[in-house]
Amino acid sequence: MNEDTVMKYRKFFFALLLALLLCACGQRDPGQQDPEYRDLPLEPYTPPAISWNDVQWDEHLELEYAQMFSVDYSGNFKRITIDQNVYVLVPEGGLPFLDMPEDVTVLRQPLQNIYLQATAAMDCFRQLDAIDAVTLSGTQAEGWYIEEAREAMEEGKMVFAGKYSAPDYELILSKNCDLALESTMIYHNPEVKEQLERCGIPVLVERSSYESHPLGRMEWIKLYGVLLGKESEAAAYYDRQLEQLAPVLEQENTGKTVAFFAVNSNGSVTVRKSGDYIAKAIDLAGGVYVFQDLTEEENALSTMNIQMETFYDAARDADVLIYNSAIDANLETIEQLIAKSAPLADFRAVQEGKVWCTGKSMFQESQAVGDIILDINAILSDEIPSDEDLHYLHRLT
């Protein structure tokens, strides 16, 4: 065999080998990747360069009042801590760190198919123009007082996926849910949380309602800014709220007393504990909450029931009464209030016409805290404001 023939055979076999290699690469089954990363795009990606124990969390989200969560940064990875529960937010196309503890929950950006049970969080999504990230609701359309959420459900952009104690797992899985955002009610049904996690759906339990300071509750919008990749928008919104409140927060307290309450069907009265954010909002607005020493710590609830006699003794001479419609029906007149309990007719605020009622939407709109403080400040002024000048309160006639 001459040299030219040998060279031709070599070229032929080389070309054949190259073709076989290219064919094998082109036919590679993506399912043969490491199962842990099977659902991630092959590129672009952020490799887990270091072990969890070696990660340096050297930057931190600045918080002024919130105490129930924290956020730390390592590059474009974010560690979120809520009541000792740890979450790591992995950037789009990224991979988790090596050797991560089993009790650390991995969240992957973008979060765009959220199952939302914590109704108080919806207002944060609204203020960040991100309601479309919530595609599954634990509340029926008629249960939403936030108009944008109700409209999303009516248009089919958001669907009911079962309440917190009985989620529709099949529907949730079919929608490729990437986060279940729950209230602390989920702890009454721990098996639900466990089942969601077994299905591969991370669960984050929202605890903004446990913030004792009103502005801490409002500052939770920064957490949702982190989750949604909208940190700057969240910070700007929060700063605007503080700027709006600054003139009120700088005023001296008026010394006027305020009772915030609702009458139950059995005649007892539901009031807020003195450490609750509503009680502190009254203080920030320039008032004095009548139940300053109501600090019963038998449970974590922000409210408690007392007898009408106790309420009568403490609030009869209060300067202002605010009726909580979230617990009971919305009221429009003084007569409706007295029909709830005849002794209320003796109250000075009732006789002077200084009784207001909350709107139903107030407690779903967690970012309403600033407006609530402004409303309370307005009704404490010497000149009675019109309902048109208030956001969440209306005067009983």
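This is a short dialogue on reading the strands and helices of a predicted model.

Me: What kind of model is this, and which residues and atoms count?
Reply: The model is predicted: local features need pLDDT of at least 70, side-chain atom pairs count only at pLDDT 80 or more, and totals for chains, interfaces and linings use all residues. Residues are numbered from 1 along each chain as its sequence is written, and side-chain values use heavy atoms, with hydrogens and water left out.

Me: How many helices and strands does the chain have?
Reply: Helices (H or I, at least four residues) and strands (E, at least two) are DSSP runs, numbered from the N terminus. The chain has 13 helices and 17 strands.

Me: What is the strand order in the open sheet that contains E1?
Reply: Strands of a sheet pair through backbone hydrogen bonds, either parallel or antiparallel. Two strands count as paired if DSSP finds at least two bridges between them. Here the order is E1-E2-E3-E4-E5, with mixed pairing. Strand E1 (59–60) and strand E5 (104–108) each have a single partner strand, so one side of each has no neighbour in the sheet. Within this sheet, E2 (residues 69–74) and E3 (residues 77–82) run antiparallel and are joined by 6 bridges; phenylalanine 69 has isoleucine 82 in E3 as its bridge partner.

Me: Which strands stand at the edges of the sheet E8-E7-E6-E9-E10?
Reply: That open sheet has parallel pairing, and its edge strands are E8 (159–160) and E10 (203–205), each pairing on one side only. E6 (residues 114–116) pairs with E9 (residues 179–182) over 3 bridges in the parallel sense, and alanine 180 in E9 is the bridge partner of tyrosine 115.

Me: Where does helix H8 bend?
Reply: The bend at a residue is the angle between axes fitted to the seven residues ending there and the seven starting there. In H8 the bend is about 25° at glutamate 243, and proline 247 follows within four residues.

Me: Which residues of H8 are buried, and what covers them?
Reply: An α-helix has 3.6 residues a turn, so residues three or four places apart point the same way. Buried means under 20% relative accessible area, exposed over 50%, partly exposed in between (1.4 Å probe, protein chains only). The buried residues of H8 are Ala234, Tyr237, Tyr238, Gln241, Leu242, Leu245 and Val248. Their cover, judged by contact (heavy atoms within 4.5 Å), includes helix H2 (122–127) and helix H13 (369–379). Over the chain, buried residues make up 48% of the 397 residues.
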